[in-house]
Amino acid sequence: MRLSKIRIAGFKSFVDPVTLDLRSNLTGILGPNGCGKSNTIDAVRWVMGESSAKHLRGASMEDVIFNGSSSRKPIGLASVELVFDNSDGTLGGAYAQYAEISVKRQVSRDGDSRYFLNGAKCRRRDITDIFLGTGLGPRSYAIIEQGMISRLIEAKPEELRNTLEEAAGISRYKERRRETETRMAHTRENLERLTDLRDELE
Ligand code: ATP
């Protein structure tokens, strides 16, 4: 699976719609300071479900929307779409039938955030689920930032283990287990409440 296109509109400094065609397995982004190199990486993280404004170098989620420049007014909607070439079938299961997979996220100034999978509206979770265990994802090692290698070398064993588990493809199952445990805890609480209510009525 390979990221083949990034379509950005209204996101940070990318006010007009632009499509970046990534034609090979290795792509470099070059340009002068402040031209938008890091904004491109922020766009990729954001569409894959990053929910922390701090990790996108902003104070609030609204900061990802183009907020105007000396010559342009602010706009109301940011949209980023990633197109993955899945012709090698890396994403199996329900996705195996698709040679191309598109994930898209939009946010408006009123805070309305939407996700789309191959054009159909979906939940954030549907997007993060796809990438769990693939090495991609908003905080995964597929995006190597400045300082990341030294952070890995100096990482505590538990942090290193998280990275290795993602590479081994088992983080998906750990996440499922965590969700199931939360659901079981809620069910237990509900049962206790029900028992209390029944005892009061009897
Ligand atoms: P450097 O090489 O210095 O790291 P860079 O190419 O990575 O630079 P970015 O950080 O991607 O640059 O882009 C910074 C530019 O994006 C700044 O000019 C900043 O004003 C602009 N910018 C960031 N957020 C927004 C926004 N919401 N609306 C408009 N412009 C924005």
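T90 sits in the loop between β3 and β4, and in this predicted model T90 comes out as partly exposed, because 15 C-beta neighbours fall inside 10 Å, short of the 20 or more that a buried residue needs. Its link to the start of the chain is worth a look: T90 and M1 are 89 residues apart in sequence, yet their C-alpha atoms are 5.5 Å apart in space.

Two other loop residues tell a similar story. R57 is found in the loop between α1 and β3, and its phi is near 65°, a positive value in a residue that isn't glycine. R57 has 13 other C-beta atoms within 10 Å, so R57 is partly exposed. N118 belongs to the loop between β5 and β6 and also takes a positive phi without being glycine, in this case near 45°. With 13 C-beta neighbours inside 10 Å, N118 is likewise classed as partly exposed.

Stepping back to the whole chain, the secondary structure adds up to 5 helices and 6 strands. Read from the N terminus, the elements go β-β-α-β-β-β-β-α-α-α-α. Along the principal axes, the C-alpha atoms fill a box of roughly 75 × 40 × 40 Å. Of the 202 residues, 19% count as buried. As for contacts between residues at least 6 apart in sequence, 52% of them join residues at least 24 apart.

The strands come together in an open sheet of 6, ordered β2-β1-β3-β4-β5-β6, and the pairing is antiparallel. At the edges are β2 (18-21) and β6 (120-122), each of which pairs on one side only. From one strand to the next, the twist averages 20°. Helix α1 (residues 37-47) packs on this sheet, where it touches β1, β3 (77-85) and β4 (100-108), and the direction of α1 makes about 80° with that of β3. Helix α2 (residues 124-131) packs on the sheet too, touching β4, β5 (113-117) and β6, with its direction at about 50° to that of β5.

Going through the strand pairs in turn, β1 (residues 2-9) is joined to β2 by 4 bridges, and these two strands run antiparallel. Here K5 has D21 of β2 as its bridge partner. β3 and β4 are paired in the antiparallel sense over 9 bridges, and in this pair F84 is matched with I101 of β4. Next along, β4 and β5 pair over 5 bridges, again in the antiparallel sense. V107 stands opposite S113 of β5. The hairpin formed by β4 and β5 has 4 residues between the strands, and G111 takes a positive phi near 90° there.

The ligand has 14 residues around it, and those that come nearest are S13, N33, K37, S38 and N39. Sorted by class, the shell around the ligand is made up of 8 polar, 3 nonpolar and 3 charged residues.

That leaves the helices toward the end of the chain. Helix α4 covers residues 157-168, and at 1.5 Å a residue its 12 residues should span 16 Å; the end C-alpha atoms are indeed 16 Å apart, so expectation and model agree. There is hardly any cover over α4, since the count of buried residues among its 12 is 1. Just after α4, G169 takes a positive phi of about 80°.

Helix α5 (residues 171-201) can be checked in the same way. Its 31 residues should span 45 Å at 1.5 Å a residue, and the C-alpha atoms at its ends are 45 Å apart, so the helix agrees with expectation. Like α4, which is hardly covered, α5 has little over it: among its 31 residues, the count of buried ones is 1.

Conventions. Residues numbered from 1 in each chain as written. Predicted model: local features only at pLDDT ≥ 70, side-chain atom pairs only at ≥ 80, totals over all residues. Pairing = 2+ DSSP bridges. Axes fitted to C-alpha atoms, helices over the stretch in contact; angles between N-to-C directions. Contact = placed C-beta atoms within 7 Å. Near = placed C-beta within 6 Å. Nonpolar A, V, L, I, M, F, W, Y, C, P; charged D, E, K, R; others polar. Expected span 1.5 Å × (residues − 1).
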